[in-house]
Amino acid sequence: MSYESCDLQTDSRYPFDPRANAFELAKMENIRRKQHPLILITRVKSNGIHYFIGPSKSYSNEYPIELEPYISKEDFEAFINEVNNVIIKYWPCFFTFILAFGFSIVSCFLSLYLPRVCIEDVERFLGYVLERWNEGWEEKMIKVEYKRNLFNSELQFYKL
C-alpha cells in the first residue's frame, strides 16, 4: 500500500483516530522507550524554506558517515529522495503563502492557517513514508523520526 492511498479513517493500520488517543499513545511510547531506549546516531538537517512550526521544504541528501555501518549510501539517497518528493508534492504553492501573509492583518492573522492545512498533509504523508522505511529498517535495528520545533525540523536516526 502506498502512502498516497493511505487514509487515517479507512486504513486498517489506523483503526482509530490517532489524535483522539494521543495521550494513550504517548504513554505507551514513553513506557516502550524506558524499557528499550533509543540511541541517537545522527541528525539530517533541513535545508530550504521553513514553515514556522512545521517541516522544511527539503532535507539534506548528504550521506552522514555515522550511518555507514547501518544503511548503505544508496538506501539513504532513496529515502531522502522519497521524503523530499513527498514534501514537494504536498507543499503549499507560493500563491497560498502570498494570500496568507497578505490578508494576515485584515483577518487578525487567521489567514496564516491557510498554508497550515497543506503543511498538515505534508506531515501526514511524511509519517507514512517514515513508517514504511522504518518497517524495512527494523531488521537493521534502525529507526528514523521526524522532529520539529518552532523554527527548524530534522530527521533523527536512532539505533534500536
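The exercises below, each with a worked solution, concern a predicted model of one chain.

Residues are numbered from 1 along the chain as its sequence is written, and side-chain values use heavy atoms, with hydrogens and water left out. Because the model is predicted, local features need a pLDDT of at least 70 and side-chain atom pairs count only at pLDDT 80 or more, whereas totals for chains, interfaces and linings use all residues.

**Exercise 1. The chain as a whole**

Determine how many helices and strands the chain has, and in what order they run.

Solution. Begin with the elements, which are DSSP runs numbered from the N terminus, helices being H or I over at least four residues and strands being E over at least two. The chain holds four helices and three strands, and from the N terminus on they follow the pattern α-β-α-α-α-β-β. Next, turn to burial, where buried means under 20% relative accessible area, exposed means over 50%, and partly exposed lies in between, with a 1.4 Å probe and protein chains only. Of the 160 residues in the chain, 38% are buried. The exposed area, computed by the Shrake-Rupley method with a 1.4 Å probe and, for residues, with only the protein chains shown counting as cover, comes to about 9,900 Å², of which carbon and sulfur atoms supply 60%. Finally, consider contacts, meaning heavy atoms within 4.5 Å: among those between residues at least 6 apart in sequence, 60% join residues at least 24 apart.

**Exercise 2. The sheet**

Work out the order of the strands in the sheet, and state which of them are edge strands.

Solution. Two strands count as paired if DSSP finds at least two bridges between them. On that basis the three strands form an open sheet in the order β1-β3-β2, with antiparallel pairing. The edge strands are β1 and β2, since each pairs on one side only, and the twist from one strand to the next averages 25 degrees. Looking at one pair in detail, β1 and β3 run antiparallel and are joined by six bridges; at one of the positions, Ile-39 has Lys-159 in β3 as its bridge partner.

**Exercise 3. The helices on the sheet**

Describe helix α2, and find which elements its buried residues pack against.

Solution. Start with the dimensions: α2 covers residues 73-90, which is 18 residues, and reaches 26 Å from its first C-alpha to its last. The expected span is 1.5 Å times one less than the number of residues, and the value for α2 is close to the expected 26 Å. The buried residues of α2 include Phe-76, Phe-79, Ile-80, Val-83 and Tyr-90, together with the polar residues Glu-82 and Asn-84. These buried residues pack against β1 (39-45), α4 (113-137), β2 (142-148) and β3 (153-159). For the angles, axes are lines fitted to C-alpha atoms, for helices over the stretch in contact, and angles run from 0 to 180 degrees between N-to-C directions. The direction of α2, which packs on the sheet and touches β1, β2 and β3, makes about 145 degrees with that of β3, while α4 lies across β2 and β3 and runs at about 165 degrees to β2.

**Exercise 4. Two polar residues in the strands**

Decide whether Gln-156 and Glu-145 are buried or exposed, and identify a polar contact of each.

Solution. Gln-156 is found in β3 and counts as buried because its relative accessible area is 6%. A polar contact is a pair of N or O atoms within 3.5 Å; within protein, one must be able to donate a hydrogen and the other to accept it, and residues adjacent in sequence count only if both atoms are side-chain atoms. The side chain of Gln-156 makes such a contact, of 2.4 Å, with that of Tyr-158. Glu-145 is found in β2 and is likewise buried, at 10% relative accessibility; its side chain has a polar contact of 3.5 Å with that of Lys-143. Beyond neighbours within four places in sequence, Glu-145 is in contact with residues including Glu-29, Arg-33, Leu-130 and Gln-156.

**Exercise 5. Two loop residues**

Locate Pro-69 and Glu-139, and establish whether each is buried or exposed.

Solution. Pro-69 sits in the loop between β1 and α2 and is exposed, because its relative accessibility is 65%. The C-alpha atoms of Pro-69 and Lys-140 are separated by 9.6 Å, although the two residues are 71 apart along the chain. Glu-139 belongs to the loop between α4 and β2 and is exposed, with a relative accessible area of 70%.
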